[in-house]
Amino acid sequence: MNPESKKVRTLLRVSSRQQLHNDDIPVQRAEAAQYISGRPGWEFDKEYIEKAVSAYKNSAKDREVLMEILADARERQFDILLTYMSDRIGRQEEYSFYVAALNRLGIEVWTIKDGQLKTEEHIDKLLNYIRFWQNEGESKKTGMRVRDNQIELVKSGKFVGGKAPFGYRLIPSGIISNHGRLLKKLEIVEQDAEVVKKIYSLAIHQGMGYSRIANALNDEGISPITASQWKPSTIASILKNPVYMGYYALNRRIHHDSFTRLDRKDWVYSSKQIPELVIISKQDWEKAQEIREARKAGMNASKRHPALPSAGLKAAPLRTSGRLPLIGLAFCGYCGKKLKNGSYYNRWQTKSGEKKVSFTGRYLCPEKCAQRSCYSQHYLEYAVFEAVERYLKQLKNVDIRDDLRQMQMQHSKNLEKKYGSLQKNIKALQSDISALEAKIPAAIRGDYVFSAEKLSSLLKEKEITLKELRQQEKKLCTAIQQENENKSCLDTLALPCPDWHEEFRKADAAQKQMLLFSLIDSILVTDGAVTIRLKIRAGFFTEIP
């Protein structure tokens, strides 16, 4: 090597596996070789390569290759770092400081498309800062385009990738992607689908939680696919996934330092149900969500205010394994406190040595009210069950379409009001962004009240807020469209009413408890009277002496 020549090392990077060609980056390598050959005194020394590494999600200190480059620079192992574009180094403003650190160590930083990245003068530093800020903006735009494309795919009923959920397998779809890859789709595995149905049945009709369902499947010897036994987290993911009712969903969680699950009202669903994916009916899936969310809300309320009843949160009992199905529904009519379990067991041994046990069920007032504080299980449950059965016989010919129309009209008005307010906010933000962008040249010259750094920070905040509002706008448009579709089909909607009386009569203890929580808001018990407040018709009371 000529003593006067400069050692050049190249940095090649792509952000995803799909951009690799046979696990390599040949195009960038060829461009770098050609660029070096056209520069007198430059001699290639070594190549640094990053495969499927994001320069937007990762900071400089988190990228091993960049840290290796910095360490080699400190030892003056090379003179020039060459890469294709500045965005190969980084897509955040902080990477301008990384370039400055290399320059301070005597390393020239060059890009094939942008030339040399200097930091000698103040204007050089500012231009580098703006350059990497623009790279970050391009990454955000690319991310938004990818996200928008995924949303459109999901809305059109297309599988966007990932592992097949339990109950399905991946098969070729016959569609070729823009990258030349054969896309896949889901297909139901009938044997596993029966297990999914069992899981939903245990959750809906038996009121079982994640752990109890997992234990029940393990006890039956039903094996999951990817683990030695069923776990509560696996059951939770199955009960929360809308794919089982025939809808793909996106935006179910976001990732910052950890994953955060979003409320399902914020999810993006397929526009139409996909019949070939249906394992669970929409009604059963929604019921499972209602039970799960109500139970979670009830537990949170109990933790915040353990002494207070969780009124309005009783869509499901917190547990169904007990022997007193009215726990959580029955309240003392004198002090208003929730009745608790006061049951006990009698154990004795006969003359022949046989051990026997009897159970005595009791509901107790925690305040031990003087008027009456103890109610036998037989007395209270007989009174409630008899009243419930009488009421259920009346539900065979109930038409609730008028009530639905009123609710629908009010919901439509609320949606339109939100949409109008959102449009005003979007218009104001767009005006702010345009005004700030117009000041960028003045800020670079130093003729504006804000520095370029401050201006970019303000713009970033405005753009993030605008992005969030745009997402809200899309959700509202979808909701309004769905509401309009619902209006047209309500008059022809058939609402068959099951024979709930017969269903209740045949149900076991856990099923009875689930039905009672669906039907009853609260039960007030006094000495000589039981008052039942039902959910279905506001103001309906049944009093039993």
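Start by selecting Asp72. This residue sits in helix α2, which spans residues 64–74. The model you are looking at is predicted. Is Asp72 buried or exposed? Asp72 has a relative accessible area of 9%. That is under 20%, so Asp72 counts as buried. Now show what surrounds the residue. Beyond its neighbours within four places in sequence, Asp72 is in contact with Arg9, Lys46, Tyr48, Gln77 and Phe78.

**The sheet**

Next, select Arg9 and Lys46. Arg9 stands opposite Lys46, which belongs to β2. Show the two strands here as cartoon. Strand β1 covers residues 6–13, and its pairing with β2 is parallel, over eight bridges. As background, strands of a sheet pair through backbone hydrogen bonds, either parallel or antiparallel.

Widen the selection to the whole sheet. Its five strands run in the order β2-β1-β3-β4-β5. The sheet is open, and its pairing is mixed. Which strands form the edges? They are β2 (42–50) and β5 (115–116), each pairing on one side only.

Add helix α1, residues 26–37. This helix lies across β1, β2, β3 (80–83) and β4 (108–111). Relative to β1, α1 runs at about 160°.

**Two helices side by side**

Go back to α2 and add helix α4, residues 95–104. The two helix axes are 10 Å apart. The packing angle is about 25°. Angles under 35 degrees count as roughly parallel, so α2 and α4 are roughly parallel to each other.

Colour the contact residues. From α2, pick Leu66, Met67, Ile69, Leu70 and Ala73. From α4, pick Tyr95, Tyr98, Ala101 and Leu102. What kinds of residue make this contact? Nine are nonpolar, with no polar and no charged residues.

Stay on α4. How many of its 10 residues are buried? The count is eight, so α4 is largely enclosed by the rest of the structure. The buried residues are Tyr95, Ser96, Tyr98, Val99, Ala100, Ala101, Leu102 and Asn103. Then step along to Gly106, which follows α4 and has a positive phi, near 85°.

**The cores**

Now move along the chain. Select Ile199, Tyr200, Ile213, Trp230 and Tyr244. They belong to the largest nonpolar core, which has 38 residues, and they touch the most other members. Bring up the elements that give two or more residues to this core: β7 (182–188), α6 (190–204), α7 (210–219), α8 (232–240) and α9 (282–304). Which element gives the most? It is α6, with eight residues.

Zoom in on Tyr200. Leaving aside neighbours within four places in sequence, its contacts include Ile238, Leu239, Tyr244, Ile280, Trp285 and Ala288. Lys240, Asn241 and Asp284 are also in contact with Tyr200.

A second, separate core has 28 residues. To find this second core, select Leu326, Phe517, Ile523 and Leu534, which are among its members.

**A loop residue**

Pick Lys337. It lies in the loop between β12 (330–332) and β13 (340–341). Lys337 is partly exposed, at a relative accessible area of 28%. Now measure across to Leu524. The two residues are 187 apart along the chain, and their C-alpha atoms are separated by 9.6 Å.

**The whole chain**

Finally, zoom out. The protein chain holds 15 helices and 20 strands. Of its 545 residues, 38% are buried. Take the contacts between residues at least 6 apart in sequence: 64% of them join residues at least 24 apart.

Terms used:
Residues are numbered from 1 along each chain as its sequence is written. This is a predicted model: local features need pLDDT of at least 70, side-chain atom pairs count only at pLDDT 80 or more; totals for chains, interfaces and linings use all residues. Side-chain values use heavy atoms; hydrogens and water are left out. Helices (H or I, at least four residues) and strands (E, at least two) are DSSP runs, numbered from the N terminus. Buried means under 20% relative accessible area, exposed over 50%, partly exposed in between (1.4 Å probe, protein chains only). Contact means heavy atoms within 4.5 Å. Two strands pair if DSSP finds at least two bridges between them. Axes are lines fitted to C-alpha atoms, for helices over the stretch in contact, and angles run from 0 to 180 degrees between N-to-C directions. A nonpolar core is a set of buried Ala, Val, Leu, Ile, Met, Phe, Trp, Tyr and Cys residues joined through side-chain atoms within 4.5 Å. Angles under 35 degrees count as roughly parallel, over 145 as roughly antiparallel, 65 to 115 as roughly perpendicular and the rest as oblique. Ala, Val, Leu, Ile, Met, Phe, Trp, Tyr, Cys and Pro count as nonpolar, Asp, Glu, Lys and Arg as charged, and the others, Gly among them, as polar.
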